[in-house]
Amino acid sequence: MLCHMDTVWDLGTLARRPVRVEDGHLYGPGAFRLKGGIVNALWAMRALGELGLMPDRRITLLITSTRRPGSDASRG
């Protein structure tokens, strides 16, 4: 499984859309995005294990810090 955790917003976005908590929910740039996919992947693997449905092959979860070519941390 492959997930990424980068979130790119234009400069000034936080000033226009500051992070806030309302009714127990966190709002703000990057608060959800694809980070929810990481949580889902982890819970899916846990559920497979608890249900005895883990495949015979090893599952690899790769979480990268970026997905954009040309970023300083990107490589082939």
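pLDDT is the predictor's confidence in each residue, on a scale from 0 to 100. The model treated in these exercises is predicted.

**Exercise 1. Confidence**

Find which element of the chain has the lowest mean pLDDT and which has the highest.

Solution. Start with the chain: its mean pLDDT is 83, and 80% of its residues reach 70 or more. Then turn to the elements. The lowest mean pLDDT among them belongs to β1, at 80, and the highest to β2, at 93. A caution applies when reading any such model: where pLDDT is low, the predicted coordinates should not be read in detail.

**Exercise 2. Order of the elements**

State how many helices and strands the chain has, and in what order the elements run from the N terminus.

Solution. The count gives two helices and four strands. Read from the N terminus, the order is β-α-β-β-α-β. Next, look at the contacts with a separation of 6 or more: 57% of them join residues 24 or more positions apart. One pair shows this kind of distance along the chain. Methionine 1 and leucine 62 are 61 residues apart in sequence, yet their C-alpha atoms are separated by 6.2 Å.

**Exercise 3. Helix α2**

Check whether the span of helix α2 agrees with its number of residues, and list residues of α2 that are buried.

Solution. Helix α2 covers residues 35-50, which is 16 residues. The expected span is 1.5 Å times one less than the number of residues, so 22 Å is expected for α2. The end C-alpha atoms of α2 are 23 Å apart, which agrees. For burial, the cut-off is under 20% relative accessible area. Gly36, Ile38, Ala41 and Met45 of α2 are buried. The cover over the buried residues of α2 includes β1 (2-4) and β4 (62-64). Methionine 1, in the segment before β1, touches Ala41 and Met45 among others. Just after α2, glycine 52 has a positive phi of about 70°.

**Exercise 4. Salt bridges**

Locate the two salt bridges found in the whole structure and classify the accessibility of arginine 20, glutamate 22, arginine 46 and glutamate 50.

Solution. Take arginine 20 and glutamate 22 as one pair: their closest N and O atoms are 2.6 Å apart. Exposed means over 50% relative accessible area, and partly exposed lies between that and the buried limit of 20%. Arginine 20 is at 39%, so it counts as partly exposed. Glutamate 22, at 38%, is partly exposed.

The other pair is arginine 46 and glutamate 50, with an N to O distance of 2.9 Å. Both residues lie in helix α2, four residues apart, about one turn of the helix. An α-helix has 3.6 residues a turn, so residues three or four places apart point the same way. Arginine 46 has a relative accessible area of 47% and is therefore partly exposed. Glutamate 50 has 59%, so it is exposed.

**Exercise 5. The surface**

Name the residues that make the nonpolar surface patch of about 410 Å², and decide whether valine 19 is buried or exposed.

Solution. Begin with the chain: of its 76 residues, 14% count as buried. The chain exposes about 6400 Å², and carbon and sulfur atoms supply 58% of that area. The patch is made by Leu14, Val19, Val21 and Leu26. Valine 19 sits in the loop between α1 (13-16) and β2 (20-22). With 54% relative accessibility, valine 19 counts as exposed.

Key: Residues numbered from 1 in each chain as written. Predicted model: local features only at pLDDT ≥ 70, side-chain atom pairs only at ≥ 80, totals over all residues. Heavy atoms only, no water. Buried < 20%, exposed > 50% of the residue type's maximum accessible area, 1.4 Å probe, protein only. Contact = heavy atoms within 4.5 Å. Areas by Shrake-Rupley, 256 points an atom, 1.4 Å probe, with all protein chains shown as cover. Patch = residues over 30% accessible without salt bridge, like charges linked within 9 Å, V, L, I, M, F, W, Y side chains within 5 Å. Salt bridge = Lys/Arg side-chain N within 4 Å of Asp/Glu carboxyl O.
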